Amino acid sequence: MAAKKHGDRPVLESVYSVIALVFVLVACAELCGAATVVDVYRLIQYDISGVPFGSRLAGLNHHALSLHFPPGADLSRAVLVIPVRDLNLSYVKDYLSERQPLGGLLFLLPQIFNFESKESSGDGEELFKNIVMELEQLLIHTNIPYPVYFAFENDDINTVLADIKRNDVSGQPATATTGGYKLVVSTTEPKKVASPVMSNIQGWLPGLKADGDPNQLPTIAIVASYDTFGAAPALSVGTDSNGSGVVALLEIARLFSLLYSNPKTRGRYNLLFGLTSGGPYNYNGTHKWLRSFDQRLRETIDYAICLNSIGSWNNELWIHVSKPPENAYIKQAFEGLSNVGEELGIKVGLKHKKINISNSRVAWEHEQFSRHRITAATLSEISTAPGLFENTGSLADSRNFVNEDAVIKSVKLIAESLARHIYGHRGKNIQIFADEGSLAVNPSYIRSWLDLLSRTARVAPFLSKNDPFVMALKKELEEHTEEVILQNEVLDGIFTFYDSTKATLNIYQVASVTFDLLLLLVLGSYLIVLFSFLVITTRGLDDLISLFRRPPSRKVKTA
Amino acid sequence: MTVFHFFNCAILTFGPHAVYYSATPLSEYDTLGTSVKAALVYLGTALVKLVCLATFLKVSENESFDPYQELLKALIGFIDVAGLYFALTQLTHRNISQNHKFQAVGLGWAFADSVLHRLAPLWVGARGLEFTWDYILQGLEANANLVFSISLAALGSLMWLRKNKPKTLIPIIYACAGIVATMPSITSYLRRGLGWHFPKVVGFELFTSLAMAFISWQLFSACQRPSA
């Protein structure tokens, strides 16, 4: 008895292990692949003081429909696949404003907006750019209760879309009972980003202090905000807004560090370079950065130049100010810039916009400086003040819309006028940063930084505290300036952001339930036919008949 | 819905075996034990084949047809025939007639083949959302395989169990047995060398299986006449 128990144990254990193996097999049987797998990017989801905007859901599990769907199709359990090429913006606008129920939206963008693709630009880009920008502005400011995703066109998706269109036109939309394509995005529900961090980077180039001079040297600040905001945070590269400003700032820092490295050519001004974050959110980062200045530094700043979008202009730039143009510093700066501009063939205009302190909207970076009582101006190609989340680096702001010559000319303009002011050569026709000299503007430096910026999405809430790009900017500033300080601040409470910006979309081709029912019928009849055939050939026809006639024959016998 | 599809494909792959067992006199004579033993012999044969394949074959990078490799695979395929010989002759069966013995052995052989080769892909693949025709075609292939196994078992029993055969038929019997035994090599040549698609290959298999079954049935009844 005991021996048998001991013998049973290993048998039992092996049985248990077999059962466990079976369970493991059952569990991991969901590893089947889809026909097509595509990277998709979600529309941004955010709240302003609790008011929701953007796409509020992330998970998707519905059938796909194209724009040619038959009337009467159930849209609340379907995903509309819309290529941006065929986009009818008023239709989408009506759909969103009427709050019609929909399972999801998938926008297909042309490959030219894909910073990872190596395709050269094609025709009709300007047209697409405007359409995409308008679509973005529409989507950002609407509360959409279903998932909205962006994807790039490629061959797989195009064939799938053509198939869907064919099915829809023939009047058979995809649902559970008919076949078709099913789009599945399986991600977790989006959560709030806990404390979105804004990182401001500042670099300091000290000027030459004369011996025995007790006074502090005056300072000139050059500032650019480097972060972006767009409809798809994972795709918001903002090459022009404000990648061009960042590149110009870095190049100016490089040129002046060359000048300042030699004590004989060091100017009597300190230079403060600032790369600020939080630009789209009323320049919140700049506000916090300025608040952290101590009083002495604030008093020594003569004026600040803010750079915003200087990468795609032809021959006209604007200086935006909030202090009246009669102010001495503003007058000086503007005259300096316009004189140099004349020499370079650039028309520089002046625009004055008063600040309204009660209005919390800050349209330009210099307005934050003005609120902190520092004279400042913004140099930009944009002529009118942008609204909330306009010109903040949209989807359409890709590398091929930025002209590096424009950036080079801007750098020359700013550097020359600054240098003439610092070294006291105002009004004189001297070219400090001449093209063939050792202080020439370096086009390949500008090109490589523009390329890098056009491939990095820089939406501040989604940049972590030690994000590699921010560290790279800091390191670059450290090469050109001394005393680089990285300051981390939390984004102001009225903006809340939600994560889940990138996902993978699985496209399955599913067969309908009716197909399987039909198949069951066919198989059932096949097996019955096989059965009858085998009975007839091996046992004879009588046997088959007797299978069905047994009860009556028994009755005959008993009778 | 997709479990439904799995159920359908499972019926197609394994149903005919059950139907064959219940429809023919095999169920009356309770030959289940023979089939089970044949299935176990198939398992052993498959293991031996695996070891030989692993030892002797090189893994090719592309899907092309390499004659030397295919020849090696065909030679290893003859281990199948050896296994069938073992199952037919060496195992002790209850007193059942030769007619039913080869059917039971063929049935067990084909059932084990289907389970080993087709159950796992079916379980993992047919339950997913994505629909392909592959699993239905695999089921049809299982059907063709059943017919092949029974034909091979019939020819095998003719070759090894029947002592008095008409002299003229002997070479035909061996030739047919050879063709059926090398079917796997032929299908892989069609798929890789000629580049046929799966549905075409399955169609070819079904057609040849029916043809072979007919021929072996004729041979079997021809050999049966003298003793009758």
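Which helix gives the largest share of the lining of the largest pocket? I went to chain B for that one: helix 3 supplies eight residues.

**Ground rules.** I am working with a predicted model, where local features need pLDDT of at least 70, side-chain atom pairs count only at pLDDT 80 or more, and totals for chains, interfaces and linings use all residues. Residues are numbered from 1 along each chain as its sequence is written, chains are lettered from A and ligands numbered from 1 in the order in which they are written, and side-chain values use heavy atoms, with hydrogens and water left out.

**Largest pocket.** I looked up its volume and got about 1,300 Å³. A pocket here is an open set of points on a 1 Å grid over the protein atoms alone, with protein on both sides within 12 Å along at least five of seven lines; lining residues have an atom within 4 Å of a point. Points are joined across faces, edges and corners, and the volume is the space filled by probe spheres set on them. I find 39 lining residues, with Lys49(B), Asp80(B), Asp113(B), His117(B) and Pro184(B) closest to the centre. Elements giving two or more residues include helix 2 (32–56), helix 3 (67–90) and helix 4 (98–125) of chain B; helices are DSSP runs of H or I with at least four residues, strands are runs of E with at least two, and both are numbered from the N terminus. I sorted the lining into 20 nonpolar, nine polar and 10 charged residues. Ala, Val, Leu, Ile, Met, Phe, Trp, Tyr, Cys and Pro count as nonpolar, Asp, Glu, Lys and Arg as charged, and the others, Gly among them, as polar.

**Second largest pocket.** This one holds about 1,100 Å³. Both chains appear among the residues closest to its centre: Phe533(A), Leu534(A), Thr537(A), Tyr20(B) and Ala213(B). Helix 8 of chain B gives the largest share of the lining, 10 residues. I count 21 nonpolar, 11 polar and no charged residues there.

**Helix 13 of chain A.** I followed this helix next, as it also gives two or more residues to that second pocket. Its 27 residues (513–539) reach 38 Å from first C-alpha to last, close to the 39 Å expected (1.5 Å times one less than the number of residues). Leu534(A) is among its buried residues, along with Asp516(A) and Val535(A); buried means under 20% relative accessible area with a 1.4 Å probe, protein chains only. Just past the helix, Gly540(A) has a positive phi of about 100°.

**Cavities.** My search found eight of 30 Å³ or more, a cavity being a set of points where a 1.4 Å probe fits but cannot get out. The largest is about 170 Å³, and its lining splits into six nonpolar, nine polar and three charged residues. The second largest, about 120 Å³, is lined by 13 nonpolar, two polar and no charged residues. Helix 8 of chain A gives five of these, the largest share.

**Nonpolar core.** What touches the most other members of the largest core? I noted Phe256(A), Phe273(A), Leu307(A), Phe433(A) and Leu473(A), out of 63 residues. Such a core is a set of buried Ala, Val, Leu, Ile, Met, Phe, Trp, Tyr and Cys residues joined through side-chain atoms within 4.5 Å. Helix 5 (239–261) of chain A gives the most, 11 residues. Beyond four places in sequence, the contacts of Phe433(A) include Leu255(A), Phe256(A) and Glu416(A), contact meaning heavy atoms within 4.5 Å.

Key
Buried < 20%, exposed > 50% of the residue type's maximum accessible area, 1.4 Å probe, protein only.
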